[in-house]
Amino acid sequence: MARLSFAIALNLITDGFRRGTTQVKSGMASIKSSVMSTAAYFGIGFAGVGAIFSKLKAAALDFAKAQKQLNVSSGGSIAGLQNLQMLKKVASDTGQEITSLMSTYAKFTATATANGYAVSEQQKIFQNVSKAVKGYKLSDEEQAVVMGSLNRMMTQGQVSTKNFTNTMLRAMPQAKTAMAAALGVGVDQLTAIIKKGVDAKKVLGTFAGNLGRQAPQVDTNTLAGQQARRQNAFTDLANTSGVVNALKQVNKVAADVMEYIRGNERTLVTE
């Protein structure tokens, strides 16, 4: 028996319910046809709706958790919203998933704020480094190494051999040119200068700007980029209350319909 579209099937069944129980028997042929034609569909379709709702709920919860973390690290909901707008642009420009990006930035801004970096400078550093790690196609592990090194340099206040030369450069060798330019020296002189220690607060903003400018254009039309865009669209959908409420209602009607089918299966088949 052919399956109807979900919207048509749902309308047919709920129309039958709206007629009232006193009219069900006289209209049984129509209702039976509707129910039996779509019972198999609903057996799959309702499960599918439930799965979608569960996925939306999970996306909304993950986003809410990341947003709370971002707001706390940003110093309040207003500053958190400003950072979120910046992060949405970073996500769009670099093909990254917004929820994980929020969590990464929450840790970054907490460290940067604690060490006296202005909000505008924090955003500039993060945007440029994010562009670079994606432009140079670093793996997730390499990206984590770069961000970890950056956080430690801000915390310790020094661009050191340990955190820059032995850590960041191993994950992203291209950073050497950007740092040399920020210090106004040749690449061949950089190692010796770094050994002496460089004030991180004075140089990281310029370094990040150089890094962002020299990095290749980010290709967001990759499999990972496409997946991130789909997930971001789904996250936006999850945070649209009308959609979530509509799905809740569909689930409720679906449960009612299936209960009706189970309770009247013999009548629907024999009459």
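A residue is called buried when its relative accessible area is under 20%. In this predicted model, that criterion is met within helix H10 by Ala 200, Val 203, Leu 204, Gly 205, Phe 207, Ala 208, Gly 209, Asn 210, Leu 211 and Gly 212. Helix H10 covers residues 200-214, and its 15 residues reach 20 Å from the C-alpha at one end to that at the other, close to the expected 21 Å. At the start of the helix, a side-chain oxygen of Asp 199 comes to within 3.0 Å of the backbone nitrogen of Lys 201. The buried residues of H10 pack against helices H5 (119-135), H6 (140-156), H7 (161-171) and H8 (175-183), as well as against strands E1 (158-159) and E2 (198-199).

Aromatic side chains were examined next. Across the whole structure, the search finds four aromatic pairs. One of them, between Tyr 105 and Phe 126, is edge-to-face, with 4.7 Å from centre to centre and 80 degrees between the planes. Because Tyr 105 belongs to helix H4 (residues 98-114) and Phe 126 to helix H5, this pair ties together parts that are 21 residues apart in sequence. Tyr 105, at 0% relative accessibility, counts as buried, and Phe 126 likewise counts as buried, at 1%. Ring pairs also bring Phe 108 into a cluster with Tyr 105 and Phe 126.

Another edge-to-face pair is formed by Phe 164 and Phe 207, with 5.9 Å from centre to centre and 80 degrees between the planes. This pair links distant parts of the chain, since Phe 164 lies in helix H7 and Phe 207 in helix H10, 43 residues apart. Phe 164 counts as buried at 0% relative accessibility, and Phe 207 counts as buried at 1%.

Technical notes: Residues numbered from 1 in each chain as written. Predicted model: local features only at pLDDT ≥ 70, side-chain atom pairs only at ≥ 80, totals over all residues. Heavy atoms only, no water. Helix = DSSP H or I, 4+ residues; strand = E, 2+ residues; numbered from the N terminus. Expected span 1.5 Å × (residues − 1). Buried < 20%, exposed > 50% of the residue type's maximum accessible area, 1.4 Å probe, protein only. Contact = heavy atoms within 4.5 Å. Polar contact = N/O pair within 3.5 Å; in protein donor to acceptor, adjacent residues only side chain to side chain. Phe/Tyr/Trp six-rings, centres within 6.5 Å; stacked < 30°, edge-to-face > 60°.
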